[in-house]
Amino acid sequence: MQNRPILILLLLLVWFAAVPARALATALPAADTSSPKSTLFGFIAASDDRYNALLGPEGLVTTYLQSSRLFLDRASTRIHMARVYKSRKLTAKYLDLSHIPVAILEQQSWRLTIQLKEILDRLPLPSAVDVPDAEAMQGRTFKKWKLPDSDITIALVESGPRAGEYLFTPETVDQVPFLYEAIKDEPRRSGTSAHMYDFLFMKPTGVALVTARVIPSRWFLEGDPWTNRPVWGEPLWRWMALLILLGTMGGICWGAFRLSDKFSGRKSPTNVPWVFLPSLSLIIMIPSVVYILDVVLEVTPRLYSHLTEALWGFDYIALTTLVWSGFRWLTEWVIKLERIKTDSTDSQLIRLGSRLLALAIAIAILIEGASRIGLPSYSIMAGLGIGGLAVALAGQQALANLLGSLIIMFEKPFRIGHIIKTGSIEGQVENIGFRTTQLRTGDGTTLIVPSSEIIRTPIENLTLRKHWRVKKSIKIGLLTSLETLSHFKLGIEALLKENPNVNEKSIRVSLAEILPEGLEIRIEFSQEAKNSAEQLRQADVILMQILDLARASGIRFDPQDHSATPGRA
């Protein structure tokens, strides 16, 4: 509720700016850039036309301030602003702006053209006959021309969409703000358009135009109050407006972070994704702030480029963050919707696929954003490649564990709840992560095992076994008679055959060893059981029956060694 007046004001400013924006639909004439001569004088003529539309004897501002009207005339404003925007677009066509970031190209170009015109107004220009035309340039080896006694150069564009045109070079365009600062206090040539730059960038002309329907523009344009005095290249009123604008933006961001931190933990993220709020607030605010910097405050070229490039950078970072958190929220929502166990292998695979897709989209957004604000895409990609290689080399073990987890997730040799045995490790699987697998051992200990260690040795899934190979060895006294021994062996075989869970064909009862300390009888059979716990219970019953049989047969176990050694295959 507290931010509603600010939002309404921003919407009103955008609506009030709709009239000059619609004027851009006017057809734009082609720029003659066939030679240095046509480029130089074509640029000057288009700049003078823009000046005349605003500040000339019949210009919009001049006729308005000379009249007694309180507000600008809508019809006259529409006609004059269409002419201004047409001239603004036309003057930009005489400059090679291929190196200007796309994010600020259109807005920065008209600012630079005004400064370039101010520079040319203070330099001695050669006569038209002294500037080479297209015919004169054909006979020259070097396809460029420099304005005498200056660093301003017009050269032929060799490649690209504007190949074959003579334009003010990128080096000249880059030096325009510095050249203007060095020459702005020099006197103008007679007959040039006066105070164009000071009027547009020192007075609040943008505010006057945007609010022209509700606030009389003459209140902003008449006189020269102390707030118009420049401080570090910007008028004082603009510094105050920037402080309010950026402070408001920072306050909204801070409030969004506080709300996100306050409410994100209260409800399930699959219901109310409050985590989106900070990123969304930046994504929504930054275009509005850039619009205000461009149209309303009309920030000067150098400050405008720094501010807007930084803001668009934050905007792309916020968009990347939104994509990452959005995919995370969507993944959890799908898992909940499909009623998949949150700690299951399937849910882990869904999360992994979602993160990989989100990572790919995020990288694409960052590369595109970097390109639009002037950072070369190949540098970003090379940096990501080198950084990825460095991370891979530094985290080989972590990468091996990740690959191990992926193998487990895709091949699914076991699931959560299964009891497995691999090497010397045995336990029940409780969780399968992207780096480790959590087991619960027989004594209740939690065992965190790197996934690479699990797949390194054969995995025995005890839960999925249908048949268990059981091997038991017992030792009886050496003095046991052969008849008693034979009856005991036959009794064990009969006992095992009567058990419905024992495979009859797998039964083996044999005299394995004759040792000084006794006779070793080996018992082998295959037992059917659903899990290891059931197998152990069945084996326990069989061993108890064998013990009863031994007592009934008068079998004596050697007192020095009466152990039974179990074994399973």
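The lining of the second largest cavity is made up of seven nonpolar residues, no polar ones and one charged residue. Here Ala, Val, Leu, Ile, Met, Phe, Trp, Tyr, Cys and Pro count as nonpolar, Asp, Glu, Lys and Arg as charged, and the others, Gly among them, as polar. This is a predicted model, where local features need pLDDT of at least 70, side-chain atom pairs count only at pLDDT 80 or more, and totals for chains, interfaces and linings use all residues. Residues are numbered from 1 along each chain as its sequence is written, and side-chain values use heavy atoms, leaving out hydrogens and water.

**Second largest cavity**
- V470, K472, I523, F525, A539, I542, L543 and I546 form its lining (atom within 4 Å of a point on a 1 Å grid where a 1.4 Å probe fits but cannot get out).
- Strand 11 (467-476), strand 13 (518-528) and helix 20 (532-552) are the elements giving two or more residues to this lining.
- Helix 20 provides the largest share, four residues.
- Its volume, the space filled by probe spheres set on the points, is about 30 Å³.

**Largest cavity**
- About 50 Å³ of space lies in the largest cavity.
- Its lining consists of S47, R50, Y51, I114, K117, E118, S193 and M196.
- Three of these lining residues are nonpolar, two polar and three charged.
- Helix 3 (36-54) and helix 6 (105-120) each supply at least two of the lining residues.

**The whole protein**
- There are 20 helices (H or I, at least four residues) and 14 strands (E, at least two), taken as DSSP runs numbered from the N terminus.
- Of the 569 residues, 42% count as buried (under 20% relative accessible area, 1.4 Å probe, protein chains only).

How values were computed. Buried < 20%, exposed > 50% of the residue type's maximum accessible area, 1.4 Å probe, protein only. 1 Å grid on protein atoms, 1.4 Å probe; cavity = no way out; pocket = protein on both sides within 12 Å on 5 of 7 lines; lining within 4 Å.
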